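Hi,

Here is the structure I promised to pass on. Have a look at it first, and my notes follow underneath.

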Amino acid sequence: MNRVLYFPHPPFEFPDADREFLISQKRADSAVHKNVSYRPAENKVRGFEGSPEVLERLTGIMRNYSQQVVSFVRHFLAPYDGGYKLDFASFRPLEEEGRALPIHKRNDLLHVDAFPTRPTHGGRILRVFTNIHPIKPRVWNVGENFPVLAEHLAQDAGLNRFAAAGDTTRWAAIPRAFGAPIPHRSAYDRFMLHFHDFLKENATFQTDSPKIRMEFPSMATWLVFTDGVPHAVLGGQHALEQTFIISRGALVKPEAAPISVLEKLCGRALAANPH
Ligand code: SIN
Ligand code: FE
């Protein structure tokens with residue numbers, strides 16, 4: 001699956017009432033004024049400050065979306081069942097067009113995903129999106145395949161340097177004074193975090209690299225490995241999303257994973273063997 005797997009309607013239950021509730025929250029007087037995340041393992045919503053009643057309903061809707069996506073993926077992508085870690089879900093209530101964000105946070109620039117707080121050690125980032133806007137499409141640009149992208153730009157981005165430096169064991173041993181401890185990152189994770197920023201900063205790549213525009217209409221649902229498919233969101237409002245980390249050992253085509261592509265290019269291992 002090198003591109004985007006598209007469904008015109010969600011291939012699972014999604015009640016109209018849930019959608020109406022979510023959309024109605026985006027008003028000037030509402031507390032839902034930024035992206036909220038949902039942690040399935042704790043059944044907790046983050047980034048929302050509002051009344052306990054609204055929080056409870058929001059949490060219930062997110063839990064239901066998450067559970068529906070999970071049961072769909074477990075059947076539809078059966079080989080990955082048992083080989084993934086369920087990551088966060090999110091509700092994205094903001095209009096994506098024209099958001100004023102610092103460059104590394106801008107999702108309207110082509111990039112591949114990497115999470116600073118959740119290193120994958122070579123596992124893949126699979127995301128399921130649903131556009132719940134009643135009429136507006138969610139508009140993406142999708143870039144060239146990862147092997148082509150890496151061939152063009154990984155060395156320029158310093159792949160060999162990251163490969164030689166290895167992982168962050170030394171620094172990870174020092175706990176941070178405040179907040180969460182620094183996660184243990186493999187050379188792969190460190191490179192991918194850098195590559196994400198490098199691509200967003202690279203004006204030539206942004207303007208000249210091949211890309212296709214995709215419009216996801218209302219209620220479309222799509223699955224994409226966002227670590228390997230360069231993407232940018234140009235417009236649209238109100239989306240739901242659930243993320244999975246597919247472990248390297250569970251992959252059906254491990255040779256297509258970004259870590260394998262990069263290891264081949266630099267001739268070194270970029271993470272410890274999958275377990
Ligand atoms: C992303 O760049 O990962 C977000 C895309 C979206 O919200 O449509
Ligand atoms: Fe992204």
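The protein carries 33 positive and 29 negative charges, and the mean positions of the two sets are 4 Å apart. Please keep in mind that this is a predicted model. Its accessible surface amounts to about 13,300 Å², with carbon and sulfur atoms contributing 55% of that.

On the overall form: there are eight helices and ten strands. Along the principal axes, the C-alpha atoms occupy a box of roughly 55 × 40 × 40 Å. The radius of gyration is 19 Å, which agrees with a compact globule, because a globule of 275 residues would have a value near 19 Å. Of the contacts with a separation of 6 or more, 86% link residues 24 or more positions apart.

Now for the inside. Of the 275 residues, 51% are buried. In soluble globular proteins, nonpolar side chains tend to be buried together. Here the largest nonpolar core takes in 61 residues, and those with the most contacts inside it are L22, F146, F191, F195, L262 and L270. Apart from that core lies another one of ten residues, including F129, V142, A220 and V224.

If you want a place to start browsing, try L22, one of the residues with the most contacts inside the largest core. Which residues does L22 touch, leaving aside those up to four places away in sequence? They are F14, L58, I61, F91, I132 and L240.

Enjoy exploring, and do write back with your thoughts.

Best wishes

Note on methods:
Residues are numbered from 1 along each chain as its sequence is written. Chains are lettered from A and ligands numbered from 1 in the order in which they are written. This is a predicted model: local features need pLDDT of at least 70, side-chain atom pairs count only at pLDDT 80 or more; totals for chains, interfaces and linings use all residues. Side-chain values use heavy atoms; hydrogens and water are left out. Helices (H or I, at least four residues) and strands (E, at least two) are DSSP runs, numbered from the N terminus. The radius of gyration is taken over C-alpha atoms; the globule rule is 2.2 Å times the number of residues to the power 0.38. Buried means under 20% relative accessible area, exposed over 50%, partly exposed in between (1.4 Å probe, protein chains only). Contact means heavy atoms within 4.5 Å. Accessible areas come from the Shrake-Rupley method with a 1.4 Å probe; for residues, only the protein chains shown count as cover. Lys and Arg count as positive and Asp and Glu as negative; His and the chain ends are not counted. The place of a charge is taken as NZ of Lys, CZ of Arg, CG of Asp or CD of Glu. A nonpolar core is a set of buried Ala, Val, Leu, Ile, Met, Phe, Trp, Tyr and Cys residues joined through side-chain atoms within 4.5 Å.
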